[in-house]
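User: Please take a close look at one part of this model, the pockets. I would also like a short word on one loop.

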Amino acid sequence: MIKPIILGKTENTPEVILDKENSVFQISGRSIVENAHEFYAPILSWLKEYFKNPNNSTELVLNLDYLNSSSSLQIMKMIFLFEHNKNDSINLKITWKYDSEDEMSKERGEELMHSTSIKFELEGFENEEFEEFDFQF
């Protein structure tokens, strides 16, 4: 059995959960890693190993509120890895979650969606971060 990767998010790195046994594949938070290649190398290696014996269904959830260009490249490598391992025996899906008020994040998801033939969904959400405050002037 392939061991899960679970990384807590930091100010510059996203939370990463890759857990085959529980079918959880998600990356969320900010990815402004100075050396994105170094950070994502073990994640890409894990995915390569995973695809040797994948679950029948795999959904990668990407909920990245910001990523720099070098992180974007690594995310594209992940998407291409999914693309490369696409076949009729497994159901692959990528979900791009974004704050519905963040047009740039939505556009980035659309760009990624158009770069692959994997089932790819955009899922906007309402950011409730400021709703607890009553702004009265």
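Analyst: Here are the two biggest pockets, then the loop.

This is a predicted model, where local features need pLDDT of at least 70, side-chain atom pairs count only at pLDDT 80 or more, and totals for chains, interfaces and linings use all residues. Residues are numbered from 1 along each chain as its sequence is written, and side-chain values use heavy atoms, with hydrogens and water left out.

Start with the largest pocket. A pocket is an open set of points on a 1 Å grid over the protein atoms alone, where a 1.4 Å probe fits, with protein on both sides within 12 Å along at least five of seven lines; lining residues have an atom within 4 Å of a point. The largest pocket holds about 230 Å³ of space. Volume here is the space filled by probe spheres set on the points, which are joined across faces, edges and corners. Its lining has 13 residues, and N63, D65, D99, F125 and N127 lie nearest the centre.

Strands β3, β4 (57-67) and β5 (91-99) each supply at least two lining residues. Helices (H or I, at least four residues) and strands (E, at least two) are DSSP runs, numbered from the N terminus. β5 gives the largest share, three residues. By class, the lining has two nonpolar, five polar and six charged residues. Asp, Glu, Lys and Arg count as charged; Ala, Val, Leu, Ile, Met, Phe, Trp, Tyr, Cys and Pro as nonpolar; the others, Gly among them, as polar.

The second largest pocket has a volume of about 190 Å³. Its lining includes L64, D65, Y66, L67 and W96. D102, M104, S105, E107, R108 and E111 also line the second largest pocket. Here β4 and α3 (103-113) each supply at least two residues. Helix α3 gives the most, with five. The classes are five nonpolar, one polar and five charged. D65 appears in both linings.

Now the loop. E21 sits between β2 (15-19) and β3 (24-31). E21 is exposed, with a relative accessible area of 61%; exposed means over 50%, buried under 20%, and partly exposed in between (1.4 Å probe, protein chains only). K3 is 18 residues away from E21 in sequence, yet the C-alpha atoms are 8.8 Å apart. D19, in strand β2, has a side-chain polar atom 3.3 Å from the backbone nitrogen of E21.

Methods
Polar contact = N/O pair within 3.5 Å; in protein donor to acceptor, adjacent residues only side chain to side chain.
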